[in-house]
Amino acid sequence: MKRLLHLIMIMTLLAIPQLLLAQSENTEDVKQADERAKSKSEIIKTGLNFGPLPAVAFDADKGFQLGALLNIYNYGDGSTYPNPMSHWYMEASWFTKGSMQIIFWYDNKTLIPGVRWSSAVTFTNDKAMDFYGFNGYMSHYDAEMVALGKDKKNHDNFIYTPKYRLQRLQVLAKTDFVGNIWDNKFFWEAGYHFSYFKQGYNEQQAINLDKINKGKKDYKKFPEGEPTIFDMYRQWGLISEEEAWGGVNSTVRLGLLFDTRDKEGAPSRGIWAEGHVIVAPKWLGTTNPYYKYSLTFRHYVPIVKNDILTFAYRLNYEGTFGKDAPYYILPYITTVGQAYDRDGMGGYRTIRGIMRNRVQGLDMASYNMEFRWRFVSFPLWKQNIAFGLSLFSDGTMVTKGRDMTFRGEEKYRADYDAYMAEGTDADRPHITIGAGLRFIMNQNFIVAFEYGMPVSKFSSNPLIKNQDGKGAFYINTGYLF
């Protein structure tokens, strides 16, 4: 609890530079906005608002985050507030568990008349990304061995966590266009997305064992002869050599969007629904062709007006046309528009409280629902400040699994049969519950503190119990949806 309080204090203090620097707006614009806002309790923001901050956060899957980020919001004359006319976001950060990320993201509603243009470039390097196999509970996670390996007093068991790790480097670049069809509520979507995945270490093994074992006692080092789950899947033919080490995705996305939200950063009413198809053919340059679709429905229901209490939920279905898709694109929830693809069915941006990438399959259904209570709002230094609490439940499940039929050499069949016998015959719902606290400024800059816990932790079924982890704490930005 002390650590949590200290982290909350640190993140609140780190927001102070943004409060001060956001006052760099044009003075005349401020005066005009103040005149328009005299009868309102909220200050209308205008002009450019700058928000440079240290990127200090925590994710149970990645560790502590250290780096820097910059938000630039352009509210123009304030007529679109709280939605900015354009938004720049830049970040460079490192995580204590061995990953790094560089992000540049830009969103503009006015440069092209009637069309919203969004682009992003991201670079992510995970030295030890989570990889637990396919089809959720069909792939057994040995929580007991992981716990024994972490016990420093236990000299008989080596560190077992690397069994479920895979090195990954990913580069993503995308540009999307969203145009009005009817009444600024119904839109078309079109975009081009390029991504490059480099999986594993030197196209030989899952991870760099020298780096993983550096500084560890001999009895705790992960043995060179011990295969990871990634290595075992290759031996069994569940991951072919053609796709094992990654490849290029060159994709076109087309879709439709219906959006009646009252505001974008922290909506309290309205519907945000979209569906799109992802076309990644060989002739477009894709290494391992595939075709997917995504359907998402989000609904914001005001229970107490003026943003005080809102019930929000999101339903998502990620589907695949056909019977195959490269394994390295399975964890992603695909997007079009002002966001970019985030991985991890399990993790802060998808299913809070279960291990990152725990659930992977050709088709996946998921939900998120939460009560959002903004218990205090006040102006401070010409900024709109609020604090909120939330209670949530998330869930996901593989509805069409990747083929896990044995296709390897016979000498590996006994290990395969033993592994498959420990899992379920099909996936089942992965459910979590949790709560969070949020610091909200000007409806858009939001710092979130959340803790989620898997319900399977309390299950009496040995095939389910502890298969999703023990829970996770996150410090991050924004709302989940």
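Ser390 stands opposite Gly436 of strand β15 in this predicted model, and that facing pair is a convenient place to enter the sheet. Strand β14, which covers residues 383-400, runs antiparallel to β15, and the two are joined by twelve bridges. A further ten bridges join β15 to strand β16, residues 445-454, again in an antiparallel arrangement, and here Phe439 stands opposite Val447 of β16. Between β15 and β16 the chain forms a hairpin with three residues between the strands, where Asn442 takes a positive phi near 55°.

With β14 paired to β15 and β16 paired to β15 as well, one may ask how β15 sits within the structure: is it largely enclosed or not? Strand β15 spans residues 430-441, and because nine of its twelve residues are buried, it is largely enclosed by the rest of the structure; buried here means a relative accessible area under 20%.

Elsewhere in the chain, attention can turn to open space. The second largest pocket has a volume of about 1200 Å³, and among the 43 residues that line it, Lys97, Lys150, Ile159, Thr161 and Arg165 are the closest to its centre. At least two lining residues come from each of β6 (115-130), α4 (143-150), β7 (165-182) and α5 (209-213), and α4 gives the most, with five residues. Sorted by class, the lining of this second largest pocket holds 17 charged, 15 nonpolar and eleven polar residues.

Definitions and conventions
Residues numbered from 1 in each chain as written. Predicted model: local features only at pLDDT ≥ 70, side-chain atom pairs only at ≥ 80, totals over all residues. Heavy atoms only, no water. Buried < 20%, exposed > 50% of the residue type's maximum accessible area, 1.4 Å probe, protein only. Helix = DSSP H or I, 4+ residues; strand = E, 2+ residues; numbered from the N terminus. Pairing = 2+ DSSP bridges. 1 Å grid on protein atoms, 1.4 Å probe; cavity = no way out; pocket = protein on both sides within 12 Å on 5 of 7 lines; lining within 4 Å. Points joined across faces, edges and corners; volume = space filled by probe spheres on them. Nonpolar A, V, L, I, M, F, W, Y, C, P; charged D, E, K, R; others polar.
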